[in-house]
Amino acid sequence: MFAEFLQFLFSGITLGATYALVGLGFSIIYNASHVINFAQGEFVMLGGMGTVFFLGLGLPMPIAILAAIALTTLFGFGLEKLAIAPARGASVVTLIIITIGASIVMRGLAQVFWGKEFHAVPAFSGDEPINIAGATILPQSLWVLGVTVLLVFALRYFFDKTMMGKAIIATSLNRDAALLMGINVKLVLFISFGLSAALGAIAGILVAPITLTNFEAGIMLGLKGFCAAILGGLGNGMGAVAGGMIVGIAEAMGAGYWVSEYKDAVAFILILLVLFFKPSGLFGKTGTERV
Amino acid sequence: MMMNLKSAKTGGILVLCAVIAILPAFLSNAFQYEIAILIGFNAIVCIGLNLLIGYGGQISLGHGAFVGLGAYGSAILTMNQGWDPLLSMVIAAIFTGILAFVIARPILKLKGHYLAMATLGMGIIISIVINTEDQLTGGPDGMYVDGLSFMATQIYWYWLVGALLVFSVWASLNLIHSPIGRALRAVHGSEVAAEVVGVDTTQYKVLIFVVSAVFASIVGSFGVYYSNFVTPDIAGFFHSIELVVMVVFGGMASTFGAVIGAAILTTLPQFLTFLHDYEHLVFGLILMLTMIFLPKGLVPSIAGLLKKGDK
Amino acid sequence: MTSRHNQVKKTVAALGMVAGAMAFGATTSDAADPIKIGTFLSVTGPASFLGDPELKTLELYIEELNANGGVLGRQVELIQYDVGVDSKKAITAVKRLVSQDEVDVIVGGSTSGATMAVIPIVEKSQVPFISLAGAVAIVEPVKKWTFKTPHTDKMACGKIFEDLQARGLNDIAMISGTGGFGKSMKGQCEKLAPAYKINIKASESYGPKDTDMTAQLTKIKGIDGVQAVVNAGFGQGPAIVTKNYRQLGMTAPLYQSHGVASKKYIDLAGEAAEGVRLPAAALLVADMLPDSDPQKAVVQTYTKAYSEAYGGSVSTFGGHAYDGLQIAVAAITRAGSTDKAAVRDEIEKTSGYIGTGGVVNMTPEDHLGLDLSAFKMLEIKNGNWSIVK
């Protein structure tokens, strides 16, 4: 009994950590630009598929991973420079559709250059499962958890202690004031998109050995990450991490103790329930709207 | 001013009637009729959705679910229960309307991205239910549905959809120019301000949400009777997104924009099939470029340009 | 000098007229119109596993046909639409193939769901249709215009149960995809189980895009006395099932269907695939066949051609497309025209055709024409297929 529970929990926290990273990506872009980036899932896909591509070129694993992160970051920069910046001032719905267009383009590019097949990425340290009290966990899951924890702390440091991090926070709080204070808002936007793309890519690379990857692998991950970000309260980074964990664990428990067919629904049922009672997420600020 | 609006309205409807009347001269086979009919169906859903997005200022990323409810409601009632197709359609529409009404209040309390998430979540849940309850719905493979016996040929369908489209445009334009429409525009402009001057914003938002859901449900039902087949994709996330994209591409807050957006984005993928692997890439690029350079959508942007030209 | 100049002029003019006449002829004469073969495949989406090699095979062999002068002296043109895994898209594509492109024959339909959805249209428009999908319902009951090349799910169940009996295993659990093939195979296995004294103790399912099946497998693991697990499904799903199966330390024999009969499955599942058994066509083990096997030459030639053109290894799915195309082309040749009724009759008369799937003998009662002998039970050993003796 307990072994089963533990097994579901292991599944849940692995998924949850991935959702948390994707959700963080949503938060960072939202904070800097108030754009919901529907291409966030595609960053995840580019990370996984990029690693497959660079490994195929014969590069050693660590180099291939770095190259994939760099490539995805370039896409993040490109998205900001070529699509978001020129559309400044457009309505929220228009911006959402631009990012949806971008996601279709990125999937299209991946399909044309890398094909439609599914690919496996070798696990970082083998496939031998580790036994814990009757349940098993893959070494790769430990990588997912470890890297996520590390990144969360690194980001905290970045936003609390570095000039650039503080500039991003300032811009998110009040763009005009930040501009007046001499913050280079353009650069802040540019950096945020790159940072968020890199986070997405890392998430994609970490889970690819567990879930396999292809050019469409980012769609569901993107949506679940969006769930995580909203659940935790948009723009609240730590909220997104908590949101991701809650969604992942709820999903795994739902599949285990309820019906497995409905596990994808669990995240969305949860989010509706939360929003009905707390309209700005679990940890979101309930502010007054300005007229 | 009033005169101007009126004439633009009648003029637009006359042009639409003329296009529908003349189009068959250019349609040479069943497939081309098929596309024309699909345009009609999509346009009607988009007109309803445009009321919500364009005039109500409320985004819905789950409208495909309402189309799906109409489609599957009709399919299940006619095929599994043996009911009359038209009765099934009405029951499905009433059911969809009630469901929309029940969820409208908590959902429409939400703002901006939270509303987007909630409608998206609602749509995905409905689509997962349709996918999973395969005893009832046929699961991912979809289900076969008998057609309407009196709609013997495709040409009948063409004229029926054409008539429905004209009616929908007319109804939408009338609603917009009624007191309800003015209240809605006030909601769109600033909800808080509208409330201050005594407009019950929630009531109007709920009303428009339900109306657009019923529009979608009826189209879903007709669509099923026309194509004799329904798959869960109709209720899925991508269909919902597609519908929003049609509205915004054509131009928000423009009834004819919704029609033109539906027409272009229904036809475009069929033209792009020759590109094979590059199809999706090119479609995405066209979508992005249009929204970057014409952020208000095709019809309002072009109308704006024409006005500038006049001066 | 002048006269010679005139002569040249005359010759040029005459040549021009001949060329013009030929060009004119080409646009009007039926004999020179291309033969149109239509196809709709799951080139993208969760079934791209199937659709991708199918399309590549069709393209490769139609190119070859044309290089060798075409069929009946006419070029062959392939018209293809990608339908993902949406049956509704398949319907639109087939309507387009039939009424807009006016194809002579349709060879396609990667998934059982898409195939079943388009059958009413195919039958109504009376176009010969050779499906590449697995479910037995496609040809049972027989539909006049519909044929298929792959082994059925019913045959897969039979083959797996035979093997289970031989190993003395009776109590099994099933885990199936919710898509057409998985659902259909699950149903067929349940129907067939009593005849083989097999007892299905548990049945779990997963969606076509699921990426984690540990929950379902943990439930199966918790049931006492399960001696083997059968996975009905195609695409990446079974690869993840296989990985999760090993991750949970489950040791009962795992059986897959012919829905994973591609090297890609072994690549994706990696070491976890060791020891997995599945029924599949001889194509996968071309080089291991005894020389006496009538299929050996056919499958070796196909394997060579496909690998040379696209690199990588073959799958039985490409093989199904190869068989479908060959059967269609042979029927058109025998019919001597593209008259649809004549071509249909000739497809039905296909007999003794040695293809990648086995020896095909169709009859008016059997629109598949394969028997269980065409199926080999394979086991994955050292990252490769091997034949279970």
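Colleague: Why is the pairing of C:Glu140 with C:Lys154 called a salt bridge?

Modeller: In this predicted model, the closest N and O atoms of C:Glu140 and C:Lys154 are 3.7 Å apart, and because the rule asks for a side-chain nitrogen of Lys or Arg within 4 Å of a carboxyl oxygen of Asp or Glu, the pair qualifies. Across the interface of domain 1 and domain 2 of chain C, the rule finds one salt bridge, together with three residue pairs in polar contact.

Colleague: Which elements of chain C supply the side of domain 1 that touches domain 2?

Modeller: At least two residues each come from α2 (48-67), α4 (112-125), α10 (296-310) and α11 (316-335) of chain C, and α10(C) gives the largest share, five residues. By class, that side of domain 1 has 14 nonpolar, 14 polar and three charged residues.

Colleague: What are the two domains of chain C, and how far apart do their C-alpha centres lie?

Modeller: The domain assignment gives domain 1 of chain C as 32-151 + 295-374 and domain 2 of chain C as 154-288 + 377-387, and their C-alpha centres lie 27 Å apart. The contact between them takes 31 residues from domain 1 of chain C and 29 residues from domain 2 of chain C.

Colleague: What area is buried between these two domains of chain C, and which residues of domain 1 lose the most?

Modeller: The buried area is about 2,300 Å², of which carbon and sulfur atoms give 70%. On the side of domain 1 of chain C, the residues that lose the most area to domain 2 are C:Pro46, C:Phe49 and C:Leu372, which together account for 28% of what that side buries.

Colleague: Turning to the contact between chains, what makes A:Lys263 and C:Asp210 a salt bridge?

Modeller: Their side chains meet at 3.6 Å, N to O, and the limit for a Lys nitrogen and an Asp carboxyl oxygen is within 4 Å, so the pair meets the rule. Across the interface of chain C and chain A the rule finds two salt bridges, and the count of residue pairs in polar contact there is nine.

Colleague: Which element gives the largest share of the side of chain C that touches chain A, and how is that side divided by class?

Modeller: The largest share, six residues, comes from α7(C), and that side of chain C has six nonpolar, eleven polar and ten charged residues. In the contact as a whole, 27 residues of chain C meet 29 residues of chain A, and the area buried between the chains is about 2,300 Å², with carbon and sulfur atoms giving 53%.

Methods:
Residues numbered from 1 in each chain as written. Chains lettered and ligands numbered in written order. Predicted model: local features only at pLDDT ≥ 70, side-chain atom pairs only at ≥ 80, totals over all residues. Heavy atoms only, no water. Domains from an automatic or database assignment. Contact = heavy atoms within 4.5 Å. Buried area = accessible area lost by both parts, 1.4 Å probe. Polar contact = N/O pair within 3.5 Å; in protein donor to acceptor, adjacent residues only side chain to side chain. Helix = DSSP H or I, 4+ residues; strand = E, 2+ residues; numbered from the N terminus. Nonpolar A, V, L, I, M, F, W, Y, C, P; charged D, E, K, R; others polar.
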